[in-house]
Amino acid sequence: MHDRAWASLAVACSFALGGCAGNGEGLDENGRPVDAGPPPLEATFDSIQQNVFTPICTQCHAGAQAPVGLRLDAASSYAMLVNAPSVEVPALRRVRPGDPDASYLIQKLEGTAAIGGRMPLNGPPLPQATIAVIRQWIVEGAQRPAAAGEGSPATLQAISPDDNAIVSRPPHELLIEATMELDTSRVDANTVMLMRSGRDGSFDEGNEVVVDGARIEIRSLDPTVIAVEMPDQWVADSYRLVIAGSGAVPAMDLAGQVIDGDGDGTAGGDFVAHFEIGGTL
Ligand code: HEC
Ligand SMILES: [Ca+2]
């Protein structure tokens, strides 16, 4: 549909006006603009990701060395932003759905934050019209339309730390994102379990230690983002996070379908993620 619109535009240009972009310069052989970027910015998560976060912010905010742990690549940004506390000003959420003025992301983009520089750091500020669109997305609830197909069971993904990551400093929290809305009444200490290996890097000896005292916070509902916040000091060890998709009380989606924790395409199976603190094993 877009292609046809472009094609007829190009035809109109070259016949009626004798070429509108320098005699077809900038157009390919089918009359489409050569450097057509993503579709224009609109107030949806995917559009903001494609037009702002990916091209501008991931120059710095990506990978293990991302500043203040904030990764803004397409796979991480939603879970890292929505209802997630700012590191610089922990009293504020990076994005507070419905309230752009209280969202630290907006303060950083407008240059009004109490700490640090205006984003993008050392670059030209975003146009006010772009910030207005991001504000509008927040006003409308900072939603992200579900990606999973109708009827397929929810799968989970470790957003941070990455599965099998070795981290030198203890993470503030563990972030897990589901592909759809879960029954959050079932996301609790019965279904979310964290243990460490007993400093031997393996989980079969019986010397494993269950880590308790973790606070489980639901950051967003649809898709469900789960943050596991640790209150106490971390011990250098190998860790395993399990979200039950089996047993007596498996995690479920809202339709009552058990999660596809092991990602084999059918409901059931535990979600398991590993990471290591200290890199000494
Ligand atoms: C040149 C590197 C660079 C670029 C590009 C960049 N940032 Fe940053 N960002 C940083 C650094 C460094 C910090 C921490 C120091 C500071 O705030 O000045 C930071 C901090 C932040 C914070 C504060 C996070 C918190 O938890 O307190 C937010 C929000 C943020 N950036 C958003 C963005 C967005 C959105 C973009 C793209 C429009 C962007 N940044 C582009 C380097 C960058
Ligand atoms: Ca062990």
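For the entries below I count Ala, Val, Leu, Ile, Met, Phe, Trp, Tyr, Cys and Pro as nonpolar, Asp, Glu, Lys and Arg as charged, and the others, Gly among them, as polar.

I am working from a predicted model, in which local features need pLDDT of at least 70 and side-chain atom pairs count only at pLDDT 80 or more, while totals for chains, interfaces and linings use all residues. Residues are numbered from 1 along each chain as its sequence is written, chains are lettered from A and ligands numbered from 1 in the order in which they are written, and side-chain values use heavy atoms, with hydrogens and water left out.

**Entry 1, the shell.** I looked up what surrounds ligand 1 and found 21 residues, of which Cys57, Cys60, His61, Glu88 and Met119 come nearest; a residue is near if one of its heavy atoms lies within 4 Å. By class I noted 14 nonpolar, four polar and three charged residues in this shell. Helix H4 (residues 104-110) gives the largest share, four residues, where helices (H or I, at least four residues) and strands (E, at least two) are DSSP runs, numbered from the N terminus.

**Entry 2, the iron.** I then turned to the iron atom of ligand 1, which is coordinated by His61 through NE2 and by Met119 through SD, at 2.0 to 2.2 Å; donors are N, O and S atoms within 2.8 Å of the metal (3.2 Å for Na, K and Ca). His61 lies in the loop between helix H2 (45-56) and helix H3 (77-81), and Met119 in the loop between H4 and helix H5 (128-139), so that I record a pair 58 residues apart that links distant parts of the chain. The iron site has six donor atoms with angles of 87 to 178 degrees and is octahedral, a label given to six donors if opposite ones are over 155 degrees apart and all others between 65 and 115. I note beside this that ideal angles for six octahedral donors are 90 or 180 degrees.

**Entry 3, polar contacts.** Taking a polar contact as a pair of N or O atoms within 3.5 Å, I found a side-chain N or O atom of His61 at 2.8 Å from a nitrogen atom of ligand 1. An oxygen atom of the ligand lies 2.9 Å from a polar side-chain atom of Arg94, and a backbone N or O atom of Gly117 is 2.8 Å from an oxygen atom of ligand 1.

**Entry 4, the backbone.** I checked Met119 again and saw that a cis peptide bond joins Met119 to Pro120, with omega about -5 degrees; Pro120 is placed in the loop between H4 and H5.

Terms used:
A polar contact is a pair of N or O atoms within 3.5 Å; within protein, one must be able to donate a hydrogen and the other to accept it, and residues adjacent in sequence count only if both atoms are side-chain atoms. Four donors count as tetrahedral if all angles lie between 85 and 135 degrees; four count as square planar and six as octahedral if opposite donors are over 155 degrees apart and all others between 65 and 115; anything else is irregular.
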